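Work through the exercises below with the structure open. Each task is followed by a solution in steps.

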Amino acid sequence: RALGRNDQAMQDFNRAIEMNPNHAPAYIARANLLRSQNNLPAAMSDLDQAIRLNPENAQSFHARGLIYQRNGDHARAVSDF
């Protein structure tokens with residue numbers, strides 16, 4: 001059941017980005033789902049895009065820091081946190 005909700009959520013995030021490719025929150029939301037699915041490269045790509053679009057949004061940096069931390073890159077994690 002959760003898998004179906006994740007699939008639907010991913011479709012919704014993809015559609016939101018398709019409709020407005022400059023909407024940083026959609027990239028953050030999709031990145032969080034990708035991270036939960038252990039697709040860290042794709043999550044990192046979305047977070048990098050969210051940061052490019054809105055470098056003032058701390059949520060993007062925090063989420064990216066979690067990925068850096070998970071990968072053992074503590075210096076970059078601290079920098080983002």
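The exercises concern one helix and the cores of this predicted model.

**Exercise 1.** Check whether the distance between the ends of helix α3 fits its number of residues.

*Solution.* Helix α3 covers residues 40–53, which makes 14 residues. At 1.5 Å a residue, counted as one less than the number of residues, the helix should span 20 Å. The C-alpha atoms at its ends are 20 Å apart, so the two values agree.

**Exercise 2.** Find out how the buried residues of α3 are arranged around its axis.

*Solution.* Start with the list: Leu40, Ala43, Met44, Asp46, Leu47, Ala50 and Ile51 are the buried residues of α3. Viewed down the axis, they fall within an arc of 165°, so they line one face of the helix. An α-helix has 3.6 residues a turn, so residues three or four places apart point the same way. Next, take the face turned away from the buried side: exposed residues there are Pro41 and Arg52. Last, look for the partners: the buried residues of α3 pack against α2 (24–36) and α4 (58–70).

**Exercise 3.** Name the helix that gives the most residues to the largest nonpolar core.

*Solution.* This core has 12 residues, among them Met10, Leu33, Leu40, Met44, Ile67 and Ala77. At least two of its residues come from each of α2, α3 and α4. With 4 residues, α3 gives the most. A second core, separate from this one, has 6 residues, including Ile17, Ala26, Tyr27 and Ala50.

**Exercise 4.** Identify the side-chain oxygen that approaches the backbone at the start of α3.

*Solution.* The oxygen belongs to Asn39, and the backbone nitrogen of Ala42 lies within 3.3 Å of this oxygen.

How values were computed. Residues numbered from 1 in each chain as written. Predicted model: local features only at pLDDT ≥ 70, side-chain atom pairs only at ≥ 80, totals over all residues. Heavy atoms only, no water. Buried < 20%, exposed > 50% of the residue type's maximum accessible area, 1.4 Å probe, protein only. Arc of directions from axis to C-beta. Contact = heavy atoms within 4.5 Å. Polar contact = N/O pair within 3.5 Å; in protein donor to acceptor, adjacent residues only side chain to side chain. Core = buried A, V, L, I, M, F, W, Y, C linked by side-chain atoms within 4.5 Å.
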